[in-house]
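Reader: Hey, I've got a structure to go through and I'm new to this. Can we walk through it together?
Author: Sure, here it comes.

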Amino acid sequence: MENASAKIYLRDDFTRKDGTKPVYLRLTIGSKVRKYSLGVSAKEDNWDKKNSRVKRGDIKHLNKNLTIESNLKKAEDIIFQFKIERKAISFHEFETLYNVVGDKSTKSFIEFALKEIETDYSNKGSYDTYRTRKSAIKKVKDFANKDLNFEDITYDFLKKLDSYMIGQGNSQTSRVRILKTIKTFINRAITHGLAKENAVNSYKYKDKCGVREYLTAEEVKRLNELLGKPETESTIKRALIPFLFSCYTGIRYKDICNLRHKNILKVEGDGKIHTFIRFTMHKTKEVQEIPLNSKAVNLLPRKTFDEDRVFRVYTNQPQNRYLKDAAKLAEIKKRITFHCSRHTFATLLLGSSVPVETVSKLLGHQDLQTTLIYAKVLPESKINAVTLLDNL
């Protein structure tokens, strides 16, 4: 039976806008760890690290310490109960008891959802998912204009919320994302016995795929030519290099930014030197390996130190602004953003009859259905398929 322990700590890698840091419960079972947000925060100067308590300098220290003590006691009681029964405890069993015992009175959807979001992020969740879900819950909270309980989320509530979002100018993609966020956390609440039914299941909404802009092989060639012209401004060249590298590899903007020289590997095989990149994807935390073609290799700068970044990448806004200028110079009448490069990589491969399973692995998709979305935006592939009948 593995040892289990609970400890309170102040998270030191994240600071809120008000200068406070969130307080977490850390559960250790054997060698594995999970972290749970307690919904309270404190400034580092007001945190007693030795005793895991909020100091008196915080005017709300009494209430915060009461929350900390009650949550720690609840966790320790659960662990103790398993010990005296000589049973092995799992994270699932702990979480079921931890969220239900003493929390039957917790009916606030907003409070529950925010706590779950913090917990997910603390357990190495994606920051993009964290930010998106917090934004979705804020939209729901702004609409409700009150503390929203689980029983308040009815079919009629969702219908009014959807109308509100339309009035606010939210796109269909944004509205679906918010409804899916609500659905996710109500389902979790049902698992913990805090809610009885999920109204989102009966609310019909169309999950429409957004338009995925991509470049043709000819348009990529024009951008390559623009990069090679001496008169092209250095600011545009700096934006084009990582963008084109992504067109040839399909890796995301964040991963391009994080790419280090140590991630570039060379292996000898078949009498040739093959170059590929191995890195951990920011979004999924999965290790990905992608072989590089000659065009991608030519875009790599001279190697320096292993920990140095491979590319000097602009932040999102100027990066996309210079790409827009590049498209204009290359006479490309499309709205280009950096993410367009990933779509370009996928559609060019699929258009060249590369099996969708191979494309899915190169993109790092966990679900083949996600890759199949790209096949829907290839009108030329439909034309080529029908043209094959001419040869019958």
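Reader: Let me start with one residue: is Ile68 buried or exposed?
Author: Ile68 is buried, with a relative accessible area of 0%. Buried means under 20% relative accessible area, exposed over 50%, and partly exposed in between, with a 1.4 Å probe and protein chains only. Before we go on: this is a predicted model, where local features need pLDDT of at least 70 and side-chain atom pairs count only at pLDDT 80 or more, while totals for chains, interfaces and linings use all residues. Residues are numbered from 1 along each chain as its sequence is written, and side-chain values use heavy atoms, with hydrogens and water left out.

Reader: Got it. Where does Ile68 sit?
Author: Ile68 belongs to helix 1, residues 61–84. Helices (H or I, at least four residues) and strands (E, at least two) are DSSP runs, numbered from the N terminus. Ile68 is also 9.0 Å from Val54 in space, C-alpha to C-alpha, and the two are 14 residues apart in sequence.

Reader: Zooming out, how many helices and strands does the protein have?
Author: There are 15 helices and eight strands. The C-alpha atoms fill a box of roughly 70 × 55 × 45 Å along the principal axes. Of the 392 residues, 42% are buried.

Reader: On to sheets. What order do strands 1, 2 and 3 come in?
Author: They form an open sheet in the order 1-2-3, with antiparallel pairing. Two strands pair if DSSP finds at least two bridges between them. Strand 1 (4–10) and strand 3 (32–42) stand at the edges with a single partner strand each, so one side of each has no neighbour in the sheet. Neighbouring strands here are turned by 20 degrees against each other on average, direction ignored. For that kind of angle, axes are lines fitted to C-alpha atoms, for helices over the stretch in contact, and angles run from 0 to 180 degrees between N-to-C directions.

Reader: What actually holds strands of a sheet together?
Author: Strands of a sheet pair through backbone hydrogen bonds, either parallel or antiparallel.

Reader: And how many bridges join strand 1 to strand 2?
Author: Seven, and strand 2 covers residues 21–29. Across that pairing, Tyr9 stands opposite Tyr24 in strand 2.

Reader: What about strands 6, 7 and 8?
Author: Those three form an open sheet in the order 6-7-8, again with antiparallel pairing. Strand 6 (264–269) and strand 8 are the edge strands, each pairing on one side only. The twist averages 30 degrees from one strand to the next. Six bridges join strand 6 to strand 7, residues 272–280, and Gly269 stands opposite Lys272 in strand 7.

Reader: I noticed Lys285. Which loop is that in?
Author: Lys285 lies in the loop between strand 7 and strand 8. Lys285 has a positive phi of about 65 degrees although it is not a glycine, and it is partly exposed at 39% relative accessible area.

Reader: And Asn145, is that one buried or exposed?
Author: Asn145 is exposed, with a relative accessible area of 68%. This residue lies in the loop between helix 4 (127–144) and helix 5 (155–167), and its phi is positive too, near 60 degrees.

Reader: New topic: how many disulfides does the structure hold?
Author: Zero. A disulfide is a pair of cysteine sulfur atoms within 2.5 Å.

Reader: Why doesn't Cys247 bond with Cys340?
Author: Because the sulfur of Cys247 is 6.7 Å from the one in Cys340, its closest cysteine sulfur, which is too far for a bond. Cys257 is in no disulfide either, as its nearest cysteine sulfur, in Cys247, is 15 Å away. Cys247 is buried at 4% relative accessibility, and Cys257 is buried at 16%.

Reader: Last thing: how many cavities of 30 Å³ or more are there?
Author: Two. A cavity is a set of points on a 1 Å grid over the protein atoms alone where a 1.4 Å probe fits but cannot get out, and lining residues have an atom within 4 Å of a point. The second largest cavity has a volume of about 30 Å³. Its lining includes Gly250, Phe279, Met281 and Arg342. Strand 8 (287–291) and helix 13 (356–363) are the elements that give two or more residues to that lining.

Definitions and conventions: On a 1 Å grid over the protein atoms alone, a cavity is a set of points where a 1.4 Å probe fits but cannot get out, and a pocket is an open set with protein on both sides within 12 Å along at least five of seven lines; lining residues have an atom within 4 Å of a point. Grid points are joined across faces, edges and corners, and a volume is the space filled by probe spheres set on the points.
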